[in-house]
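Grab a pencil and work through a few exercises on how a chain holds together. Try each task before you peek at the solution.

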Amino acid sequence: MSEELSAATSYTEDDFYCPVCQEVLKTPVRTAACQHVFCRKCFLTAMRESGIHCPLCRGSVTRRERACPERALDLENIMRKFSGSCRCCSKKIKFYRMRHHYKSCKKYQDEYGVSSVIPNFKISQDSVRSSNRSETSTSDNTETYQENTSSSGHPTFKCPLCQESNFTRQRLLDHCNSNHLFQIVPVTCPICVSLPWGDPSQITRNFVSHLNQRHQFDYGEFVNLQLDEETQYQTAVEESFQVNI
């Protein structure tokens, strides 16, 4: 497939993956100066931290781009025509359908987690905590976690694999890599559940892999967790116009 794609276009399969989230591009946008491509959300989030620099090469990004990045429509069209291999099951899927495929790919779910409830799977209720969020209904086989705060101001979490508590995100990551690296047990990620958009019914089949893929940084350093997605986007646009070029 790679040879077919290279022969028909100037792209390789790697060009369809975002360098920020490492997933297949979703709503790809391209920087004007260095021509690097990112998912739109990844780019806007990175702009909040880096200010005027490309997230990949630190090249300059214009004020207009920071507010309204240009869609990479040529790349989107190519993603609709060509197929790539699922990183886990190797099945050939159109690039623009790859993320949808991940939702039903058992091997991908085992590696990275899945947003669905596993039928007839019972999680111990000993670790169930009441959520601060206003959720009207929660499945009986799902854990919810009460988020605490350390003396440093960082939220703390309970390890769902051994029930040890009071871990910051980084300490939980280090703890699981040291003590549970090869332990593959379906659990609910306490960090994901603590986020405003967290789904308490989301089961992660390989928790340690999920931590290493999704929680290498604190979301609170990039976004205001008290605001919804649309408000954060509007705030990012408004702040971008206040940045001196």
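Below are four exercises on cores, salt bridges and cysteines, each with a worked solution.

A word on ground rules: this is a predicted model, where local features need pLDDT of at least 70, side-chain atom pairs count only at pLDDT 80 or more, and totals for chains, interfaces and linings use all residues. Residues are numbered from 1 along each chain as its sequence is written, and side-chain values use heavy atoms, with hydrogens and water left out.

**Exercise 1.** Find the largest nonpolar core and say which elements give two or more residues to it.

*Solution.*
- Start with the rule: a nonpolar core is a set of buried Ala, Val, Leu, Ile, Met, Phe, Trp, Tyr and Cys residues joined through side-chain atoms within 4.5 Å. Buried means under 20% relative accessible area, exposed is over 50%, and partly exposed falls in between (1.4 Å probe, protein chains only).
- Applying that, the largest core comes out at 29 residues, and Phe16, Leu25, Phe43, Leu75, Met79, Met98 and Tyr102 have the most contacts inside it.
- Next, map the core onto helices (H or I, at least four residues) and strands (E, at least two), which are DSSP runs numbered from the N terminus. Two or more residues come from each of β2 (37–39), α2 (40–50), α4 (73–81), α5 (98–102) and α6 (106–112).
- Helix α2 gives the largest share, four residues.
- Don't stop there: apart from this core lies another of 14 residues, including Leu172, Leu173, Val187 and Cys189.

**Exercise 2.** List what leucine 75 touches, leaving aside its neighbours within four places in sequence.

*Solution.*
- Contact here means heavy atoms within 4.5 Å.
- With that cut-off, leucine 75 is in contact with Tyr11, Asp15, Phe16, Leu25, Pro28, Arg30 and Val37.

**Exercise 3.** How many salt bridges are there, and which residues are linked in a network?

*Solution.*
- Look for a side-chain nitrogen of Lys or Arg within 4 Å of a carboxyl oxygen of Asp or Glu. The count comes to five.
- Glu23, Arg87 and Arg214 make up the network.
- Take arginine 87 to glutamate 23: the closest N and O atoms are 3.9 Å apart. Arginine 87 sits in the loop between β4 (83–85) and β5 (92–94), glutamate 23 in the loop between α1 (2–8) and β1 (28–30), 64 residues apart.
- Now arginine 214 to glutamate 23, at 2.7 Å between the closest N and O atoms. Arginine 214 is in helix α9 (residues 207–214) and glutamate 23 in the loop between α1 and β1, so this pair ties together parts 191 residues apart in sequence.
- Check accessibility: glutamate 23 is buried at 6%, while arginine 87 is partly exposed at 32% and arginine 214 is partly exposed at 26%.

**Exercise 4.** Why do cysteine 39 and cysteine 54 have no bond to their closest cysteine sulfur?

*Solution.*
- A disulfide needs a pair of cysteine sulfur atoms within 2.5 Å.
- For cysteine 39, the closest cysteine sulfur is in cysteine 21, 3.8 Å away, so that is too far for a bond.
- For cysteine 54, the closest one belongs to cysteine 34, at 3.6 Å, again too far for a bond.
- Both are buried: cysteine 39 at 3% relative accessibility, cysteine 54 at 0%.
- Over the structure, the tally is zero disulfides.
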